Amino acid sequence: SIAVLIASVFVVHGFGAKSVAALGGTVAGLVIVGGLGAIALAAARMSGFTGEETIFVSVATEGRLDVARLALASVIVGSLGALVDMSVGQSSTAFELASVDPELRGRALYLSALRVGRDHIGSLINTLALAYFGGALPLIVLLSLNFQPLAVALNSEEMIESILTVIVASIGLVVAVPVTTALAVALAGARRECSVS
């Protein structure tokens, strides 16, 4: 995932201080997502068999593929886009604020950029939830038809994985914002000092 991040951030956004700050914040969020995802999936005793595809993969690999780890990889990869989006936006915000107001530095710049980040977090969590529950839509429709008891449907691996992914990715986003902002503020300050001297 980190190799994919490095390639995607630098190819799409170029190599520069903004990209470095965004990559640092994304990696911090990704570490949290990986750790919490592993803990959450283990605590929920997820087998990884969320649908027909995982059964076919298991059969095709003659059981050599650890399907539970595949579920963790799914959680991690599922959070990458939101983490990159958040970190790039946050880094750009800090650099833009620094360029618009040369007097805005340090703590004041950090707090100003962080206020924007808080709004962005809410929007991205909403996007994540809608995307993952959209993937579980057939199960949600079955719930509305009373095809299965609510307790059974909510305990399905597909639903649990969607819920855990949204929660874990949201926590990763909450961590990525202040880390990215701090890195961007530090790099924007260093860039300003270099240009002055």
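What follows is a walk through the helices, cores and a few individual residues of a predicted model.

Some ground rules come first. The model is predicted, with local features needing pLDDT of at least 70 and side-chain atom pairs counting only at pLDDT 80 or more, while totals for chains, interfaces and linings use all residues. Residues are numbered from 1 along each chain as its sequence is written, and side-chain values use heavy atoms, with hydrogens and water left out.

The protein chain has eight helices and zero strands, where helices (H or I, at least four residues) and strands (E, at least two) are DSSP runs numbered from the N terminus. Read from the N terminus, the elements go α-α-α-α-α-α-α-α. On pLDDT, the predictor's confidence in each residue on a scale from 0 to 100, the protein chain has a mean of 82, and 86% of its residues reach 70 or more. Confidence is lowest in helix H7 (residues 150-154), with a mean of 67, and highest in H2, at 90.

Of the chain's 197 residues, 38% are buried; buried here is under 20% relative accessible area, exposed is over 50%, and partly exposed is in between (1.4 Å probe, protein chains only). About 10,500 Å² of the protein chain is exposed, and carbon and sulfur atoms supply 67% of that; these areas come from the Shrake-Rupley method with a 1.4 Å probe, and for residues only the protein chains shown count as cover. As for contacts (heavy atoms within 4.5 Å), take those between residues at least 6 apart in sequence: 76% of them join residues at least 24 apart.

Two of the helices were checked for span, the expected value being 1.5 Å times one less than the number of residues. H2 has 27 residues and runs 39 Å from its first C-alpha to its last, close to the expected 39 Å. Just after H2, Arg-45 takes a positive phi of about 55°. H5, with 30 residues, should span 44 Å, and its end C-alpha atoms are 42 Å apart, which agrees. Buried residues in H5 include Leu-109, Gly-117, Ile-121 and Leu-128.

Next come the nonpolar cores, each a set of buried Ala, Val, Leu, Ile, Met, Phe, Trp, Tyr and Cys residues joined through side-chain atoms within 4.5 Å. The largest one has 30 residues, and those touching the most other members are Leu-5, Leu-30, Val-33, Leu-41, Leu-83, Met-86 and Leu-173. At least two residues of this core come from each of helix H1 (2-13), helix H2 (17-43), helix H4 (67-100), helix H5 (106-135) and helix H8 (157-196). H4 gives the largest share, ten residues. Setting aside neighbours within four places in sequence, Leu-5 contacts Leu-23, Thr-26, Val-27, Leu-30, Leu-80 and Val-84. Apart from this core lies another of ten residues, among them Ala-98, Leu-104, Leu-109 and Val-185.

Val-185 sits in helix H8 and is buried, at 12% relative accessible area. Beyond its neighbours within four places in sequence, Val-185 contacts Ala-94, Gly-106, Leu-109 and Tyr-110. The C-alpha atoms of Val-185 and Ala-108 are separated by 9.7 Å, with the two positions 77 residues apart along the chain.

Helix H8 also holds some buried polar residues. Thr-165, in H8, is buried at a relative accessible area of 1%; outside its neighbours within four places in sequence, Thr-165 contacts Val-75 and Tyr-132. Glu-161, another residue of H8, is buried at 11%. The C-alpha atoms of Glu-161 and Val-75 are 7.8 Å apart, although the two residues are 86 apart along the chain. Ser-170 belongs to H8 too and counts as buried at 9% relative accessibility. Leaving out neighbours within four places in sequence, Ser-170 contacts Ile-125 and Leu-128.

Back at the start of the chain, Ser-8 lies in helix H1 and is partly exposed, at 28% relative accessibility. Ser-8 and Leu-23 are 15 residues apart in sequence and 9.7 Å apart in space, C-alpha to C-alpha.

The structure has one aromatic pair. Rings of Phe, Tyr and Trp (its six-membered ring) pair if their centres lie within 6.5 Å, with planes under 30 degrees apart counting as stacked, over 60 as edge-to-face and the rest as tilted. Phe-10 and Phe-15 make up a tilted pair, 4.9 Å centre to centre with 45° between the planes. Phe-15 counts as exposed, at 70% relative accessibility.
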